[in-house]
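Here are three short exercises to work through with the model open beside you. Take each task first, then compare your steps with the solution.

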Amino acid sequence: MSKKSIFSRKSKREKRKKIIITSLVTILVLLLISGITYFAIDYYKSGKIFSKKQSKNIQQEIALGDKSQVQEETKTEAKKEEQIKTSLPTDVNKNSNTSIEGDKYTFSTAEVQRVNEKSTPTDGKKVVFLTFDDGPSMNNTPKILDILKANDVKATFFIMTKNFTDNPATAEVLKRELIEGHAIGNHSSSHDYKKLYPNRKANMNNIMEDFTTANNTLKSILGEGFETKVIRFPGGSMSWKELQPVKEAFAAKGISYVDWNVDSSDAKSLKRTKDEIVAEVKKEVEVNEGAKLDKITILMHDAKAKEATVQALPEIIAYLKGKGYEFRTLK
Ligand SMILES: [Zn+2]
């Protein structure tokens, strides 16, 4: 065997060894690279999943945040609405029973009551006072307010404040009365004849207590600036015995009571029809005109059962307008 062949065999072996080693190294490197790549991908993937999850969480949190923000906004909105609802009318004419705008239509109650009691004419100017007792009611009072608004006339509402205990929503109707320029009178809290006039005799303490309760309730709805100096005795002052000391006690506080000289008769019976009410008003207005009475006070009711009054009102207003009456309110 030649040296050359030995050498070439040797180098061939060396070459094979080299190839094997190179291959092994390459495989190892490849394995390593693929391993690193795998882990890298896995890490990247897991990282991405995590970040996806995280971002999902964040999104959810944002969404929740949005939701609670929306809820918060809705709450604030509801609160605002509630505040508007429960807020007191800002346009109360201080220490009066009307709004600032409503004050323009007022007239002295004491003067009107003198006409009612003494049946004496005044200055010859035809003025009518539409008065509504026993309200507010949820069904009839808003309709009456709509009719008054459509006809651009003002009225006086004598409030029975137990209505607000029976149905707190009626407080909004009271605010509307004031805001729309009408005057507010006190018609007691209980309207309970047995309490106010036991055995038909005026009970000073009970009457004072009942009207004070009503006054406080009116203020709680319309604000401390609101102050009515106008009252109407439940049943009218002419119906009860021994009322004189009570009248004087009210007068000492600057409070005037007022009755009426036209009874629409809407409280005479539940079956009273619209036509009967209109006819009665026309009849009594004409009697007053015959006596040359220039100040007409009309008694009507806006309680829950007085639907016929609502129906009669447009005709009554048209009739009075036709006769040239000016519509004023009582202060
Ligand atoms: Zn009444």
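The exercises below deal with a predicted model.

**Exercise 1. The largest pocket**

Find the volume of the largest pocket and describe its lining.

*Solution.* Start with the volume, which comes to about 270 Å³. Next, look at the lining: it is made by 18 residues, and those closest to the pocket centre are Asp-134, His-191, Tyr-193, Ala-267 and His-301. Then ask which elements give two or more residues to this lining; they are β2 (127-135) and β8 (295-301). Finally, sort the lining by class to get 7 nonpolar, 5 polar and 6 charged residues.

**Exercise 2. Two helices that cross**

Work out how α5 is oriented relative to α7, and which residues make the contact.

*Solution.* Helix α5 spans residues 170-179 and helix α7 residues 204-222; their axes come within 10 Å and cross at roughly 80°. An angle of 65 to 115 degrees counts as roughly perpendicular, so α5 is roughly perpendicular to α7. On the α5 side, the contact uses Ala-171, Leu-174, Lys-175 and Leu-178, while α7 supplies Leu-218, Ile-221 and Leu-222. By class, that gives 6 nonpolar residues, 1 charged and no polar ones.

**Exercise 3. An aromatic pair**

Among the 9 aromatic pairs in the structure, classify the one formed by Phe-211 and Phe-233 and say which parts it ties together.

*Solution.* Two values describe such a pair: the distance of the ring centres and the angle of the planes. For Phe-211 and Phe-233, the centres are 6.1 Å apart and the planes stand at 70°. Planes over 60 degrees apart count as edge-to-face, so this pair is edge-to-face. Now place the residues: Phe-211 belongs to helix α7, and Phe-233 to the loop between β5 (230-231) and α8 (244-252), so the pair ties together parts 22 residues apart in sequence.

Key. Residues are numbered from 1 along each chain as its sequence is written. This is a predicted model: local features need pLDDT of at least 70, side-chain atom pairs count only at pLDDT 80 or more; totals for chains, interfaces and linings use all residues. Side-chain values use heavy atoms; hydrogens and water are left out. On a 1 Å grid over the protein atoms alone, a cavity is a set of points where a 1.4 Å probe fits but cannot get out, and a pocket is an open set with protein on both sides within 12 Å along at least five of seven lines; lining residues have an atom within 4 Å of a point. Grid points are joined across faces, edges and corners, and a volume is the space filled by probe spheres set on the points. Helices (H or I, at least four residues) and strands (E, at least two) are DSSP runs, numbered from the N terminus. Ala, Val, Leu, Ile, Met, Phe, Trp, Tyr, Cys and Pro count as nonpolar, Asp, Glu, Lys and Arg as charged, and the others, Gly among them, as polar. Axes are lines fitted to C-alpha atoms, for helices over the stretch in contact, and angles run from 0 to 180 degrees between N-to-C directions. Angles under 35 degrees count as roughly parallel, over 145 as roughly antiparallel, 65 to 115 as roughly perpendicular and the rest as oblique. Contact means heavy atoms within 4.5 Å. Rings of Phe, Tyr and Trp (its six-membered ring) pair if their centres lie within 6.5 Å; planes under 30 degrees apart count as stacked, over 60 as edge-to-face and the rest as tilted.
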